[in-house]
Each structure stands twice: as structure tokens, then as C-alpha cells.
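Reader: Hi! I'm in my first year and still learning how to look at protein models. Could you take me through one part of this one, slowly?

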Amino acid sequence: MEDHKNISFESMCVHAGIDEYEFGSVVPPIYQTSTFKFKSAQHGAALFAGEGKGHIYTRMSNPTIEAMEDSVAALEGGAKALGCASGMAAINVVFATFLSAGDHVLCSQAVYGPTNTLLRTVYTRFGVEVSFVDTSDLNAVKEAMRPETKLVYIETPGNPTLAISDLGEIVKIAHEGGAKVCVDNTFMSPALQKPFEFGADVVVHSMTKFLNGHADVVAGIIVVKEPSDYSPLKKVLNQTGGVIDPFNSFLVHRGIKTLALRMERHCENAQKVAEFLEKHDLIQSVTYPGLRSHPHYFTGLKQHKGHGGMITFHLKGGYDAGEIMMNSVKLCQLAVSLGGVETLIQHPASMTHFSMGPDARKEAGIDEGMVRLSVGIEHYKDIIKDLEAALYEVGEALTVKQEKNLFR
Ligand SMILES: *Cc1c(COP(=O)(O)O)cnc(C)c1O
């Protein structure tokens with residue numbers, strides 16, 4: 001393998017994790033096998049004792065999976081990575097490894113819906129105390145720290161409000177209090193944001209999103225900065241079993257080769273779409289980290305290289321307008337998930353953040369008329385044309401509704 005420290009990020013996307021293979025194969029072969037033959041009893045015994053090279057069983061390790069893990073670890077600038085069955089499997093392994101009964105976890109309020117639900121409904125049953133905090137407010141973070149705080153879990157930009165939390169400052173507060181910091185870097189990807197540069201201890205990703213980038217795989221990953229954090233996480237992953245499989249690993253590794261290119265286009269397109277939406281009469285407000293109107297614009301500039309592909313906006317006419325808009329788009333696909341080459345549109349209150357319930361949503365700043373857009377890599381003019389046509393439909397329908405007084 002090459003020394004990836006000396007090549008640029010773009011080249012790393014193409015080459016990281018790629019080794020020499022049989023027959024001169026340029027890409028890692030797919031070792032679609034559950035188990036591996038030992039050369040002898042002694043070889044098997046040595047592998048179980050953790051000595052010598054080789055694999056035992058795919059839940060424990062597999063060469064195709066390792067190649068992808070090495071690639072993501074290099075891209076994030078971490079020591080090691082652990083591929084998981086999904087982003088949620090990765091997040092669960094982090095919680096199960098670092099939290100015990102009596103511990104406290106401080107979590108961003110603007111967080112992926114199921115992460116909120118997992119902490120609130122499962123980990124509290126096991127005696128873990130949970131605080132959801134607006135982590136874009138450093139004083140709120142300081143105040144929420146307790147002696148029992150073992151983990152500070154940050155999503156930035158947060159889901160779906162795109163609130164930006166200051167990673168460097170939060171790491172200082174957390175480490176002073178003896179807590180580890182885990183960052184969900186799904187929205188930015190290592191092409192735009194590298195939490196380890198700001199002192200974070202662990203990074204998780206839903207690789208379902210930008211890392212794979214093609215909406216054809218569900219997968220996750222945990223990356224550690226220090227080698228010492230690897231072994232405890234690996235044990236919990238191995239015991240709980242939420243591992244990625246070789247074929248999905250292969251697909252993700254293939255997707256990563258174009259990560260730098262794709263992220264560039266996602267950012268360029270999203271900037272243009274956000275500027276278009278901001279000027280439109282039917283839009284109440286647009287949140288995009290690349291707009292000067294974003295409340296944490298300058299925090300973003302400190303820690304990410306590009307503003308990403310995610311836009312949140314609020315339509316005049318609330319829930320009704322959102323419903324009409326989503327039924328009117330054609331190029332933009334009405335679907336949850338994000339980070340793929342195709343533009344996706346969805347309604348958090350009835351979809352991704354439904355499980356939080358209305359009270360938690362309100363607290364997290366998710367109003368009923370919010371729409372989330374994952375801007376793809378199509379030509380930006382086509383995306384804008386589609387949104388413009390859908391907004392025209394919204395305008396027409398709202399006029400009719402107003403005349404007939406049909407608002408909910
Ligand atoms: C999608 C997502 C997850 C969960 O990942 P899955 O692969 O769906 O399990 C976690 N965090 C963020 C920010 C996400 O967007």
C-alpha cells in the first residue's frame with residue numbers, strides 16, 4: 001500500500017485501502033465467504049491467539065471489508081475503522097462501548113431521529129442518563145456537562161436544522177470534563193470536514209449517504225483516532241454482530257473513489273439551489289451553511305471546507321404547502337435518505353423525525369412545514385427548473401385553498 005500521508009485527498013479517495021492482489025486485480029476481490037480455512041491446527045490456534053496474519057470468520061474480519069475500512073480510516077486521518085451493517089449499527093456500538101449504567105451522555109439536540117430515539121428509549125432503560133443540548137451554544141454545552149458525562153455526541157451540521165456546532169471548542173469542554181467526543185460526520189464526509197483535526201476521539205458515518213453516494217447500500221462505519229479505542233469497539237461489534245458484509249463493503253469502497261468529485265458538485269449545486277430558494281416569494285426561510293444568513297455561518301467556515309449538499313427550507317403555507325410541493329416535483333425524488341447522486345426531497349415532521357414526537361420536534365426546532373432537500377449531482381439548472389415548477393403548483397394550490405378557506 002502507498003503512504004497515504006503524502007498524497008492529496010482526491011488521490012487518497014482513489015488509492016487508499018488498495019493493496020496488491022492475486023492476478024494483478026486492480027480492485028479488491030470480493031471475498032464472499034463466511035469462514036476461512038486454517039493451514040494447520042497450529043495456524044488456527046495462532047490466529048485465535050491473535051498472532052500471525054489471516055482471517056478466521058467474516059463477523060470478526062474479512063479482507064474485502066478491511067480494504068474499505070483502511071480507505072475510510074485514511075480519509076478521516078484516523079488510526080483504524082470498523083465497518084458496520086448500517087449507520088445506526090455503528091452508533092449503537094459506540095454507545096454500547098462507552099456508556100454504562102450511571103453514566104451520562106450529552107447529545108446534540110439536532111440529531112438524526114433514530115439516534116435521539118435510541119438514546120431516549122433504549123439506553124435510558126439501561127440506566128444511562130441522556131441530555132439533548134443545543135450544541136451550537138457553547139454555554140449550553142458547558143452547563144450540561146456533569147461529573148458522570150462519559151460521552152459528548154455531536155452531529156454537525158445537525159439533522160435536519162443544519163445547526164453547526166463548534167467542534168474545537170466542544171472538544172476542549174468535553175476533554176476537560178473527562179468525556180470522549182464522538183462526531184457523526186455523515187452530512188459533511190471527510191472531503192469537507194475532518195473532526196479528528198479538532199480533537200474528536202471517534203467519528204461515525206452512515207455510509208449509506210455520501211461515502212457510498214449511490215443510494216444502493218445501507219452501511220455504517222466507526223473510525224477511531226487512537227489505536228487504543230479500536231479494540232473495545234471491535235469486541236462490542238463482534239459480540240453484537242452488526243457487521244457489514246463483503247459485497248456492500250466492495251460497493252462502498254467503489255463509491256468512495258469518486259467522493260471528492262461528487263462532494264465538489266454537491267456543494268456547487270446546493271449553493272446555487274439555496275440562493276434560488278432564498279429569493280423565491282413562497283419560501284419563508286432557507287437554511288444552508290453556505291448562506292450568509294445561516295446563524296452559524298462563521299463557525300462553519302472555521303471547520304468545513306465546503307458547505308455540503310443539504311438544504312432545509314420553510315414554505316409559506318406550512319404543512320399543506322410542503323405536501324403539495326412534494327407531490328409536484330418530478331426530477332427531485334420524494335424519498336428519505338440523502339447523499340446520493342440523485343436529488344431527494346422529504347418532509348421531516350411526517351417522515352425522518354416522526355418518531356421523536358411533536359414535543360421533541362418542537363424543542364429541536366423542526367416545524368411542521370420544514371422541507372429537507374439533499375441536492376444531487378444533476379445539472380443545477382435542471383434541479384432549479386424542477387423546484388420552480390413545483391413551487392408554481394404550490395402557489396396555484398394555495399391561492400385556491402385561500403379562496404375556499406381550506407387551510408388545515
Ligand atoms: C442516515 C443517517 C444515520 C443512520 O444511518 P443508517 O445507515 O440509515 O443506519 C445516522 N446519522 C445521520 C446523520 C444520517 O443521515
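Reader: I'd like a close look at the place where the two domains meet. How many residue pairs are in polar contact between domain 1 and domain 2?

Author: Sure, let's go. Keep in mind that this is a predicted model. Between domain 1 and domain 2 there are 13 residue pairs in polar contact, with both partners at pLDDT 80 or more. The count of salt bridges between the two domains is 1.

To get your bearings, find domain 1 at residues 9-256 and domain 2 at residues 261-406. Their C-alpha centres are 28 Å apart. At the boundary, 37 residues of domain 1 are in contact with 39 residues of domain 2. Here's a handy bit of background: the size of an interface is often given as the accessible area lost when the parts come together. For this pair of domains, the buried area is about 3,000 Å², and carbon and sulfur atoms give 60% of that. Three residues are worth clicking on here: Ile164, Leu192 and Phe210 supply 23% of the area that domain 1 buries against domain 2, more than any other three residues.

Now for the salt bridge across the boundary. The side chains of Lys302 and Asp166 meet there, with 2.5 Å from N to O. Two helices each bring at least two residues to the side of domain 1 that touches domain 2, namely helix 5 (113-123) and helix 9 (246-256). Helix 5 gives the most, with 5 residues. Sort that whole side of domain 1 by residue type and you get 18 nonpolar, 16 polar and 3 charged residues.

Let's zoom in on Ile164. You'll find Ile164 in the loop between strand 4 (149-155) and helix 7 (167-176). Is Ile164 buried or exposed? Its relative accessibility is 1%, so Ile164 counts as buried. The cut-off for buried is under 20% relative accessible area. Leaving aside residues up to four places away in sequence, Ile164 touches a list of residues that includes Ser136, Thr156, Pro157, Pro289, His294, His296 and Thr299. Thr299 is a nice one to trace: Ile164 and Thr299 are 135 residues apart in sequence, yet 6.9 Å apart in space, C-alpha to C-alpha.

Next, step along to helix 7. Asp166, the residue from the salt bridge with Lys302, also caps the N-terminal end of helix 7. In that cap, a side-chain oxygen of Asp166 lies 3.3 Å from the backbone nitrogen of Gly168. Within helix 7, the buried residues are Leu167, Gly168, Ile170, Val171, Ile173 and Ala174. Among the elements that cover them are helix 6 (138-144), strand 4, strand 5 (180-184) and helix 11 (297-303). Just past the end of helix 7, Gly178 takes a positive phi of about 80°.

Back to helix 5 for a moment. Its buried residues are Gly113, Thr115, Asn116, Thr117, Leu118, Leu119 and Tyr123. They pack against helix 4 (87-98), strand 2 (104-108), strand 3 (129-133) and strand 4.

Some of those strands turn up again in other salt bridges, and the structure holds 5 in total. Start with Lys150 and Asp103, whose closest N and O atoms are 3.0 Å apart. Lys150 is in strand 4 and Asp103 is in the loop between helix 4 and strand 2, so this pair links distant parts of the chain, 47 residues apart. Asp103 is buried, with a relative accessible area of 8%, whereas Lys150 counts as partly exposed at 36% relative accessibility.

Then there's Glu129 with Arg146, where the closest N and O atoms are 3.2 Å apart. Glu129 belongs to strand 3, and Arg146 sits in the loop between helix 6 and strand 4, 17 residues apart. Glu129 is partly exposed, with a relative accessible area of 43%, and Arg146 counts as partly exposed at 30% relative accessibility.

Last stop: Asp229 and Lys180, whose side chains meet in a salt bridge of 3.1 Å, N to O. Asp229 lies in the loop between strand 7 (220-224) and helix 8 (230-240) and Lys180 in strand 5, so the pair ties together parts 49 residues apart in sequence. Asp229 is buried, at a relative accessible area of 7%, while Lys180 is partly exposed, at 26%.

Note on methods
Residues numbered from 1 in each chain as written. Predicted model: local features only at pLDDT ≥ 70, side-chain atom pairs only at ≥ 80, totals over all residues. Heavy atoms only, no water. Domains from an automatic or database assignment. Contact = heavy atoms within 4.5 Å. Buried area = accessible area lost by both parts, 1.4 Å probe. Salt bridge = Lys/Arg side-chain N within 4 Å of Asp/Glu carboxyl O. Polar contact = N/O pair within 3.5 Å; in protein donor to acceptor, adjacent residues only side chain to side chain. Helix = DSSP H or I, 4+ residues; strand = E, 2+ residues; numbered from the N terminus. Nonpolar A, V, L, I, M, F, W, Y, C, P; charged D, E, K, R; others polar. Buried < 20%, exposed > 50% of the residue type's maximum accessible area, 1.4 Å probe, protein only.
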